[in-house]
Structure formats: C-alpha cells, structure tokens
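Q: I'm new to this structure and would love a friendly tour of its interior. Could you pick one part, look at it closely, and then show me what surrounds it?

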Amino acid sequence: MRLFLILVAFARANGFIHNHKAPIGAGETFCAFRSKPRVARTRIPHFIAFANRMCTPNDSANSSVQASELEQQAVATGYSQNPDLLVAIDEATTAALASLPPLERKVIDLGIVYISSIYDGQHSPTKVVPSILETVKQHYSHIDGSIVQKIIGCSAGGLLGSTHIAGGCTPIENEGAAGVTISLCVLPDTEIRTFHLLEDDVPDDYAEMDAATWKSSVGLSKLKSSSQGDNTGIDDQCSFMLLPAPSFQTDMDDFLKGLTFNFETSAIFGGLASTVSSLSRAKLFRYDVDEPDCMQALTEGCLGAAMSGDVTFKVMVAQGAKPVGGIYRVVKGEESTIQAIQLDEAATEQLELTGEDIGDENDESDAEEMDLKKKTAAAYAKAIIPKPVLAEANYLMKTLSDEDQSFMRKLLLIGLDGNSGVGKSPSDLIRLAEGDGHRFTVHQVASAGMKDGSVTLPFGSVNIEPGNRFRFFVRSGDYAKKEVQAIWTGHQRKKLKPTPPAACFVFPTLDRGENLFSTNAFESNIIAEYLQGVPSIGGFFSNGVIGALDGSNSQVMVHGSASCYAVIGSKSNRPIYSNSQALEQVENETHVGLMANGRILDQNPTEKEEENPAPRSANGELIIKRREIHSGRALTVSAVEWSVAERIAKPSSALEGFMWNKETEVDRLRERVPLSNLVSQCKLFDMDATKPKPRGWAVSIRAAMASEQFVVIPELKRIEPFYGSLRKRYDIVKLVAQFIKGGAVALSVNCDSVLFGGSLADIKTIRDTTSNAADNELAPPPILASDLILYPYQLYKLRLAGADAVNLVVGALSGKDLLYLSKIAASLKMDVVASVTSEVQINSVTKLGSCIAAISLSNRDLETFGFDESGVQALELMKSDAMKNFSNIHPEALIFAEGRVGITEMDDGKDKSIKSYVNELKKAGVMGAIVGGGLAASKDDFKEFRMHLNSEFA
C-alpha cells in the first residue's frame, strides 16, 4: 500500500494523473486550478517524502527532514512609482521576479496586484493583466506555456510594498500617489480557486439553505466544507482572500455570514477596493489560466481566491479605537438597538486594577474646582441605575480630554463583548500583548433616538440581548500605535513555528497610515520589526477591511478605520525562500540587477526614494507650488474622508500641504461670503462706536519692557502638529483669565483649524474675556492672531473677529504678497508680526518699510513643521548679518523668538537649563518670546513661569 501511494504521488507530481476541470455550471464564475503537468525532472526523494507525508499525517518527528526536501514556498513583492502605468507594472513585476527562487514546477501559482487609481485615464485597465504576463514571459523566455496561473487585484487609494534586503525586507507605504505593488506567490502543493460574484448571487437566507445550495449560488460548489477533509497529511481547509468593490458592501455581510457558516474554520481576510479620487471608480482585476476568457477588468462584485493545501494564514485585525469610561451591561435592548444600560461596577473595578485610564476624573482642575453640577453629573453617571445610552455618553464626555470629546461629538463608537473575557485580563492592550485577542468588537452607531436616548447599530450586524457587556470607544492615534505593537507582541508570544513566514499581507483603511500615526510606514515597519526575516510585505489602503478580531471566523466582518494583517506560511513547515538567497542568486548573474527591456533595474529603489527632501531654490528656500485651480485634495467631512481628483497628488513639504488645505478652506468661505461683503462689514465695523477698537499690540509690549527684560507672550492653541493635544482640556476662558491674572501684557491665539485645532470663534471668545478683565480694572491685553495667511480675505475675517495684530509666515509668501498683505493689515489698523526661519526671509521683511511692528525668529522647520529642539536656529538668526541689517533699518521693531521656548534647554558651562537658553536669547538681542507648548508643559502658573524666565536678568 505504501509503495502504491508513492507511485501515485510521483505520477501526480509529474502530470501523469491530474483532475480534469468539470464544466462550469450556469451562474458560476468560479475557476478551479491544478498545477500544470511537469516534466519528469524532479528528484525521487522529494516524492517519497511527499508520499510519506500522505501516509503519516501526524508524524511530526520527521517533519524537519521532510521539509528540507520540499520545494520552497515563496512570496515576492515588487513596487514602482513610475508615473507611466505600463512602465510601473513592468518595473514592479521585474522587481518581484528578482526575489523568486528557480521555478521547479515552472509556474507562479498566484499574482496579486494593486494599482493606484491616480493612473485612471492614462491606459485602459484591460492592459494591466496582459502587461504583467508579458513581463513574466520575457523573464522566463526559456519556459513554454503559461507561467502565471492566477491573478487577482484591485485599484487602491494607497499602496504598501517592500524591497528585498539580506535578512528581510524594507517596507514602503505610499498614500494617495501613483504606484504599483505586485506580489508573486509560489505555493507548492496548494490548490487555488478564483471566483467573482455579483450582488444578485448572494443569498440572504444562508442559515435556511443546505451547504451545497449556498455554495452553488455563490460559485463555490467545488470547494469542500471544513468538515470534508481527506486523509492526507495536509488538510483541505480553505483560506479566502476577498477583494470586493465598494458597491458590494451592502451584500458583504450576507456573504460573510454564509461563508463562515459553511467554512467554519477557514481564515478569511481582505479589503474593499479603493480610489484616491471620488471621481474614480474602483476596479478589480482577474486572470485564470484555466478559463480562456478569464482576463477581466471589473467594476462590480467581489473578487476572491480560495486556497487549500499546504498554505496557512494567521489573520489579525487592529481596530484603532481607544476604550473610554467603564464597562456597562445592556438592561434593555433588542435586535440592533440598545435602549438602556447600567454600569457594571465589578467589571469596572477589575478594569481599574489593571491600571487602565477609564477617564480623566482625577485631573487636578476637576479635583479642585469641579462645581456642584459636574459633581452631580459624575455621581449620576456612576449610579447603579438604568439610564439611556446617550445620557451616559453625554456625562462620560465631560470626563474626557478635548480631543476625545471632539471625536465623540462627531461619531459614537460602541464595543460589544465577544464573551471571551472569562479568565483573561479585562484590559484590551494586556490581552492583545498576551495573544488573547480583543475583548470588544467596535461598531459605529448608525442612528440615535433623540426622545428615548437609544442607539442603533447597523442593521443585521449584531443581535443585542440584555446582559451584553459593552464600552464606549474613540479614535486615537497614540492608542492605535499601542494596539498595533500589542497585537504583534501577542503574535510573537503565541507563535508556534520557529521559521519565518513567507509574507505578510496588510490592508489598512484609508484613514490610517500617516493620517492616524503621524509618521510614514508605521504599521509596516512594526511588522518588519516583529517578523524578522519576513521576505515580503504587501497590501493596499482600502475602503474597509475584512477579518476576524481573534483569528477565528466567528466574528468575520467588514471593519472601518482598521487594519487587517494576514501572515502566510506553510502547514507542513515547508522551507521558505529567503531574500538572502535571492540576493545571492542576483549576485551570481552577469549583471547585478535584472535586464528588462534593455535597462538595468535597481534592486533596492528605496535607498533613493526613502528620503526625498523638498525642492529648494538656489538661496535655500523651499519651492512652494500653489494649488492648481482645477485640482484638489482629500477632504475630511465629519468622520468621513472624501477625495477629489488632482494632478499633484502629494505636497513636497508640510508647508506646501498646509497651504493647499488653507487655500481650499478660504475657497469655501468665499463661496459663502464674498470679499466685497467683508470689506463693507469692516467699514461699518469701524464706524460703529459699540464695536471693539484695535488695541496697540506693539505699544502694550513696549510699555512692559520698561519693567520686564524678557516679555513672555502666552499663546493659546489646542494642538501642535508633531505633539498632538497640548492640554487634556482646552478651556479658553479659564486660560485667558489665568494669563491676565499672571500679568500677560499681550496674547497670541492660533486660530488655524487645519493643523492647530483653532477657529475664528476663539478670537471672539478671548476678546470678550479680556473685555471682562477691563471691567475688573485689569488692563485688557491685545490679541495677536496666528494663522497661515495667504489672502486679504483672511485679514478682513480676522479684523471682524477682533484681532489687534496678525502673524505672517514669511516662508509661505512671495515678496509681492508679503508687501500687499502687510499694507492691507496696516490699513485695518492691525500690527504685523513677521515669522521667519531663514536669513533670506529676514531680508524680505527688511524691505517692507514701516508697516512691520515685530519680527519673530522661529525654531520651526517649515519642511516638516517640526522644531529645531536645540533652539540654535533662532539664536543663529539673531546673530546673523541679515538681522543686524534689519535692526539698523527698523530700530523700532520688536524682536521675538518662538518655538520650544520654555522647553529647550542649553548648557551655559555651569548647568543645562531652560533659563540658560533664554539668557542666550536675551544676550543676543531678543526682547521676548511667544510661548505656547512651553506653558502647556510647565507645572507653574503663568506668573511663576514668567518670573522664572526673567529671574536670570533680575
């Protein structure tokens, strides 16, 4: 019997015995795949080992010996950003081919392609698959027949790829720009079936249908259910990779429920196809060698690949949602509606023991100054009485930071307990780090009842029952980072196989990436760090991700604002082809690099692309391109991100991106209120005796300089781009009162909403608060409005809001624009403060004449919008020849420093301190500083902070 099986295995492997594909039934678009017949060149020991594995499926003692004789599993990823689609496909395919082993079976089992939608309109989408096949055929010109057996793929709003290096790979993330990612998979002893189904193919009564009928309806009739395994050493459990079009999302829940019902233990993962522009339509790409006409570019339905045999996937999902508040129980609810809830005191106390922060109730301001109304609200929120969900959410918001409150007002997220919390930590981060998975599955509230305070989740997504535990959640970039790290820590802890995986497929949603993590390639770099030696990382930014939180398919669903990770490997512990082997193979070629169409392709393009400095002119200034009138950028409306077509997909610097967003913001305002209307309003405003008149910002500071050697101007801003929220609670009225009480002679407020979280309403609030101070016989400080001012329109808006002075970012303006805006500001009786970061900019300000009241030497880097943490930039500017010339021509102008003052320390030879840095600024001639982050980070009140910085000069 054993000999017979050996002979059968040999015959199958050499193509003497193979399964003929049955005709496809009506309504089925499903394709079956078996490896092409091979020539009789494979060594006999390989097939003896294969037959041994068939006869002894549980013989783990000999697994390592057998694995060494098996054909290697390999997944290779290529990436290109070439602006021409067909060239990019050629380059990405060629780069992937460079990382593949010699093809023993002369086939590539599966190709996966993601194409940026930026290429839309450049070439027909029907050319995508033929271009891949042509490049592969050129590379393997000595092999007859079809080499690539299957291809699936889709359009994308962003890409993840990698380039191979010795001992692993270098990940790449490309958001909203042209690019192509291609992964080529060699998966021995694996059966792959591709399928495409439309909305009408999905039954909505899966539970009432037998498995055969349901599978026939969706084109999967030839797949075995999980319980239909065979007696071979490798089971036939299927893994499903799904790439649906966005229009299929309404039927996705029914399809996933049916899929998990009929394939109970299968790994299911994937992402919804996406686009950069809402004007583009998502596309799906499919090719199957077993179907002559199966070379498709589609716009509807769901594309998928079912894989069984010697392949396995570990699927994980990161939700990116931070739990807030305690743990509750549903008191009243049914179907997908929750009507009344009750605090679960025992579960919440257990949660507190883990050290998880469930609110900000211990904030020092609340502990000292919480009024009776808030105390009553807090007591009510904790009471063990049933209450409406919205009522509890409103009380909970009062304990949260400004950032969390702002999110919760826009969007309500609720996490439902998956009944997997028994005997495990109640803290999600601890559970994830231990490899136990998430406890709560996060859902977005679809609607709320204003009368009864109930909330309803998407219909059919859940079945609410009294007693269900749940928590409130908010989105948080900092928490999302911790979650990703905890997930991969848990994966390492639970990992059973010592060998590295063949690849990791990554599917984040469009609102993650740099938008959430504030750094490029955060997730893919974490994966490369934890999966050391992984040869390939590939994926795309999707419209939604498909997967189960705990790795099983019991909760397979479409997740928004999440990431899905699918780690691919071998069930039989088959050896993985490493990138070190690939590099050795390349080094043995006549040329280092592959010849493709007569050119040498660099095998590690990221060394050139990883750091792309922003373009600069001959004098060192950033070259800024203004937004084209016929292009646009991704726009965020509430919790939804929309995008519109644009020729320039990505700004070259942080300042350029800031300017594009600001231009879009001003365009919207102009549509509502034209400039001529604002000019008329300003004239009437000046004529009205009841309206506030400009306060002399510079005059007030000069008066203070008679008694104070270093004037500190407190700046009010919610957010700093590199550091997030500066305070847990941004109470403008309270802060202004503290600053006035502490002796502030002038104020600065950042009213930009794009990067700093401000608004024009902040100026009015501050103006009213300072006017109240005047009623209490305190001098009302004038207000400096900071914003990225590009148009006169903005100056009129600021004057009407109550600004006494404006801050112009010189690096964003041409010489003519700077002069024009300065004169208009002066005509509106507002002082002008010019913020500079270079000597070239100082020279531009010097030419302006008497309309400049002050110059501010900034430590900010306009290319990244970070800071020079050493503070040297401002000091060197103060000591420069350009600044000496400015002081000679404008002796009356005030000179300030800004950016990390109050935080930056300097060593004066005696000690390293904040005062030492301030002392150096003063010695160089700086008269004061505009301080925002330094005040937020200080434990002193404003008066103590101000006196501390001046103590060195007393």
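A: Happy to. In this predicted model, take the contacts between residues at least 6 apart in sequence: 77% of them join residues at least 24 apart. The chain has 954 residues, and buried residues make up 54% of them. Its secondary structure comes to 31 helices and 44 strands.

For our close look, let's choose the largest cavity. The count comes to 3 cavities of 30 Å³ or more, and the largest holds about 430 Å³ of space. Its lining is formed by 32 residues, and E715, N750, F756, R860 and E898 lie nearest the centre. What kinds of residue make up this lining? They divide into 13 nonpolar, 11 polar and 8 charged residues. Several elements each supply at least two residues of the lining: the strands β36 (805-809), β37 (831-836) and β44 (928-931), and the helix α30 (933-937).

Let's start with E715, one of the residues nearest the cavity centre. The side chain of E715 meets that of K717 in a salt bridge, at 3.7 Å from N to O. K717 also forms a salt bridge with E720, at 2.7 Å. Side chains of opposite charge can pair when their charged atoms come close. Are these residues buried or exposed? K717 and E715 are both buried. K717 has a relative accessible area of 7%, so it falls under the 20% limit for buried residues. E720 also counts as buried, because its relative accessibility is 3%.

Next comes W697, which belongs to the largest nonpolar core. That core has 99 residues, and those with the most contacts inside it are W697, V845 and L857. In soluble globular proteins, nonpolar side chains tend to be buried together. Beyond its neighbours within four places in sequence, W697 is in contact with I713, A746, L747, P782, I783, L784, A805, D831, V833, A854 and F896. Two strands that help line the cavity appear again here: A805 falls within β36, while D831 and V833 fall within β37. Another core lies apart from this one; it has 41 residues, among them V75, A245, A267 and A503.

Now for two loops beside strands we have met or are about to meet. K829 is found in the loop between α25 (815-827) and β37. K829 has a positive phi of about 65° although it is not a glycine. R900 lies in the loop between β41 (894-898) and β42, and its phi is also positive, near 70°. Most residues other than glycine have a negative phi. How exposed are these two residues? K829 is exposed, because its relative accessible area is 57% and the limit is over 50%. R900 is buried, with a relative accessible area of 16%. β41 also leads back to the cavity, as E898, one of the residues nearest its centre, falls within that strand.

Following the chain onward, D908 is found in the loop between β42 (906-907) and β43 (912-913). D908 is partly exposed, with a relative accessible area of 36%. The C-alpha atoms of D908 and E920 are separated by 8.5 Å, and these residues are 12 apart along the chain.

Let's step back to the salt bridges, since we have already met two of them. The count for the model comes to 27. One of them joins R574 and D310, whose side chains meet at 2.8 Å from N to O. This pair links distant parts of the chain: R574 is in the loop between β26 (563-569) and α17 (579-587), D310 is in the loop between β12 (302-309) and β13 (312-318), and the two are 264 residues apart. Both R574 and D310 are buried. Elsewhere, K662, E665, D752 and D787 are linked in a network of salt bridges.

One last stop shows another pair that is distant in sequence. E529 lies in helix α16 (residues 522-530), and E529 is partly exposed at a relative accessible area of 47%. E529 and G168 are 361 residues apart in sequence, with 9.5 Å between their C-alpha atoms.

Note on methods. Residues are numbered from 1 along each chain as its sequence is written. This is a predicted model: local features need pLDDT of at least 70, side-chain atom pairs count only at pLDDT 80 or more; totals for chains, interfaces and linings use all residues. Side-chain values use heavy atoms; hydrogens and water are left out. Helices (H or I, at least four residues) and strands (E, at least two) are DSSP runs, numbered from the N terminus. Buried means under 20% relative accessible area, exposed over 50%, partly exposed in between (1.4 Å probe, protein chains only). On a 1 Å grid over the protein atoms alone, a cavity is a set of points where a 1.4 Å probe fits but cannot get out, and a pocket is an open set with protein on both sides within 12 Å along at least five of seven lines; lining residues have an atom within 4 Å of a point. Grid points are joined across faces, edges and corners, and a volume is the space filled by probe spheres set on the points. Ala, Val, Leu, Ile, Met, Phe, Trp, Tyr, Cys and Pro count as nonpolar, Asp, Glu, Lys and Arg as charged, and the others, Gly among them, as polar. A nonpolar core is a set of buried Ala, Val, Leu, Ile, Met, Phe, Trp, Tyr and Cys residues joined through side-chain atoms within 4.5 Å. Contact means heavy atoms within 4.5 Å. A salt bridge is a side-chain nitrogen of Lys or Arg within 4 Å of a carboxyl oxygen of Asp or Glu.
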